Amino acid sequence: MEKLRIVGGNRLQGEVRISGAKNSALPILAATLLAEGVMRVGNLPHLHDITTMLELLGCMGVEVAINEDMSVETDCRNVHSQVAPYDLVRTMRASILVLGPLLARYGVAEVSLPGGCAIGSRPVDLHLRGMEAMGATVEVLDGYIRATAPEGGRLRGAHIFLDTPTVTGTENILMAAALADGRTVIENAAREPEVVDLANCLNAMGAQIKGVGSDTLVVDGVEKLYGCEFRVLPDRIETGTYLVAAAVTGGCVKTRDTDPELMEAVLIKLQEAGATITTGPDWIQLDMTGRRPKAVNIRTAPHPAFPTDMQAQFVVLNAVAEGVGTVIETIFENRFMHAPELVRMGAEIHVEGNTAIVTGKPRLKGAPVMATDLRASASLVLAALVADGTTDVNRIYHIDRGYECIEEKFQQLGANIRRVTG
Ligand SMILES: CC(=O)N[C@H]1[C@@H](OP(=O)(O)OP(=O)(O)OC[C@H]2O[C@@H](n3ccc(=O)[nH]c3=O)[C@H](O)[C@@H]2O)O[C@H](CO)[C@@H](O)[C@@H]1O
Ligand SMILES: C=C(OP(=O)(O)O)C(=O)O
């Protein structure tokens, strides 16, 4: 098994290129199922989850051509299956994103029910209720969601109120509504930049979506969507992770090909921690000038508030900061799996329910640690970068789901990090 071996203590300096956003690329690739003609998607990150999504599309009969610049071309002419099998869905929950497009375009979908995962139970009831509101018959049988469009094979527009602004739920309903008969209104919709990116892509394909970026999306269904060229937006979570790496090591890092407008809540907290942030249209630089960060209080909530996908990284920031920081996780019920591993590295963290109280220590100590989910893994890498001695981060397949070339990018910034086997 591969692991990352990190010797801590180097102050990170330099520039790093930010990849396309995983959480935008995945729904956009699923949306290619809706296109008549060839779709070309650019700025795709080189990640396991992207490979899994391409494999999933491939097993349904989508023809996928990968270009050297990591853009892909998809052609749905020969789609012969509307099944998302367990073996692929279990490795990537986001496979659920094919449900809406399959049902809208082909009138049927059979998608393995994604199970719970380390961070929480993560039900998909709101996705299913949305499809039912649009007239679909949905049943869960033998671990599979089996959904069928009403007679005539076309979903109907509907008024849908989401109990909670689910990100992939909003995306699934949006894709289904784009080809439905009539108007769909999605209220309490998620407003994450990745939902906006998908909506912009669908509109470029010929969809009629209004209210993009707000919590009320109005979709007038069209009969056909067409292929187009679309470039995925930059990954705000990858950007934030490299900025926190600079902050905890007292360094100065410029993230390139990113977008400061996507991450206001995170940048405000980094400034509160004592970092000097400068930005341009497509870059963000964080300079810590060798100082230790100050502890900050964090409360995760749907966009535009502080993102849950940056929570673990800020627990590490607080773990090495001056003072005490309170971190409240309101999105997922079990997203503090990094805390016990960080405690093994000398951090002082007390978790009670959805709150972690983190008392900063001047130093952490290297140790073998185990990653349990994607952002928890990233947080362990950040802790290792600042810890005394060597840390082995095990089970890094989680990291490879979400961070492109992580060791090369950190090496470029002066970190002592390498991938080892065994
Ligand atoms: C591929 C992708 O984009 N993943 C992101 C997406 O996950 P994902 O879309 O799975 O997360 P959701 O926004 O759906 O989850 C938010 C909350 O809603 C609950 N819920 C969700 C759906 C549902 O049908 N019923 C229900 O109760 C969930 O359990 C959770 O408590 O948004 C999360 C929250 O920003 C991020 O952490 C993930 O990185
Ligand atoms: C939780 C995440 O991803 P996923 O929804 O794919 O599990 C994440 O990107 O942090």
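**Exercise 1. Find the bridge partner of Thr 279 in S19, then work out how S19 is paired and how its side chains point.**

*Solution.* Start with the single pair: Thr 279 has Ile 284 as its bridge partner in S19. This is a predicted model, so every value here is computed from predicted coordinates.

Step 1. Widen the view to the whole strand. Strand S18 (residues 276-280) is joined to S19 by 5 bridges, and the two run antiparallel. A hairpin of 2 residues links S18 to S19.

Step 2. Look for another partner. Strand S17 (residues 252-256) also pairs with S19 in the antiparallel sense, over 5 bridges. Here Cys 252 stands opposite Asp 287.

Step 3. Follow the side chains along strand S19 (residues 283-287), where they alternate. Ile 284 and Leu 286 point to one face and are buried. Trp 283, Gln 285 and Asp 287 point to the other face and are not buried. Putting the steps together, Ile 284, the partner of Thr 279, belongs to the buried face, while Asp 287, opposite Cys 252, belongs to the other one.

**Exercise 2. Give the strand order of the open sheet with 4 strands, and explain why one side of S7 and of S9 has no neighbour in it.**

*Solution.* Step 1. Read off the order: the sheet runs S7-S8-S10-S9, with mixed pairing.

Step 2. Go to the ends. Strand S7 (83-84) and strand S9 (137-141) are at the edges with a single partner strand each, so one side of each lacks a neighbour in the sheet.

Step 3. Check a pair inside the order. Strand S8 (residues 108-112) and strand S10 (residues 144-148) run antiparallel and are joined by 5 bridges. One bridge to place on your view is that of Ser 112 with Tyr 144 in S10.

**Exercise 3. Describe the surroundings of ligand 1 and ligand 2.**

*Solution.* Step 1. Take ligand 1. It is surrounded by 21 residues, and the closest are Asn 23, Leu 126, Thr 166, Val 167 and Thr 168. Helix H1 (22-31), helix H5 (125-133) and helix H6 (167-178) are the elements that give two or more residues to this shell.

Step 2. Sort that shell by class: 9 residues are nonpolar, 8 polar and 4 charged.

Step 3. Turn to ligand 2. Around it are Asn 23, Arg 93, Ala 94, Asp 309, Leu 374, Arg 375 and Gly 402. These divide into 2 nonpolar, 2 polar and 3 charged.

Step 4. Spot the shared residue. Asn 23 appears around ligand 2 and among the closest residues to ligand 1. Asn 23 is buried in H1, a helix with 10 of its 10 residues buried.

**Exercise 4. Is Arg 11 buried or partly exposed, and which residues is it in contact with beyond its neighbours in sequence?**

*Solution.* Step 1. Locate Arg 11 in the loop between strand S1 (2-7) and strand S2 (13-17).

Step 2. Count its surroundings. Arg 11 has 17 other C-beta atoms within 10 Å, so it is partly exposed; 20 or more would be needed to call a residue buried.

Step 3. List its contacts. Setting aside neighbours within four places in sequence, Arg 11 touches Thr 249, Gly 250, Gly 251 and Gly 290. For Gly 250, the separation is 239 residues in sequence and 5.9 Å in space, C-alpha to C-alpha.

**Exercise 5. What backbone features stand out at Asn 43, Cys 405 and the bond between His 303 and Pro 304?**

*Solution.* Step 1. Asn 43 has a phi near 60°, a positive value in a residue other than glycine. It lies in the loop between strand S4 (39-42) and helix H2 (48-59). Because it has 20 C-beta neighbours inside 10 Å, Asn 43 counts as buried.

Step 2. Cys 405 also has a positive phi, near 45°. Its place is the loop between helix H13 (397-402) and helix H14 (406-412). With 16 C-beta neighbours inside 10 Å, Cys 405 counts as partly exposed.

Step 3. His 303 and Pro 304 are joined by a cis peptide bond with omega about 15°. Pro 304 sits in the loop between strand S20 (298-299) and helix H10 (311-319).

How values were computed
Residues numbered from 1 in each chain as written. Chains lettered and ligands numbered in written order. Predicted model: local features only at pLDDT ≥ 70, side-chain atom pairs only at ≥ 80, totals over all residues. Near = placed C-beta within 6 Å. Nonpolar A, V, L, I, M, F, W, Y, C, P; charged D, E, K, R; others polar. Pairing = 2+ DSSP bridges. Buried ≥ 20, exposed ≤ 12 C-beta atoms within 10 Å, placed from the backbone. Contact = placed C-beta atoms within 7 Å.
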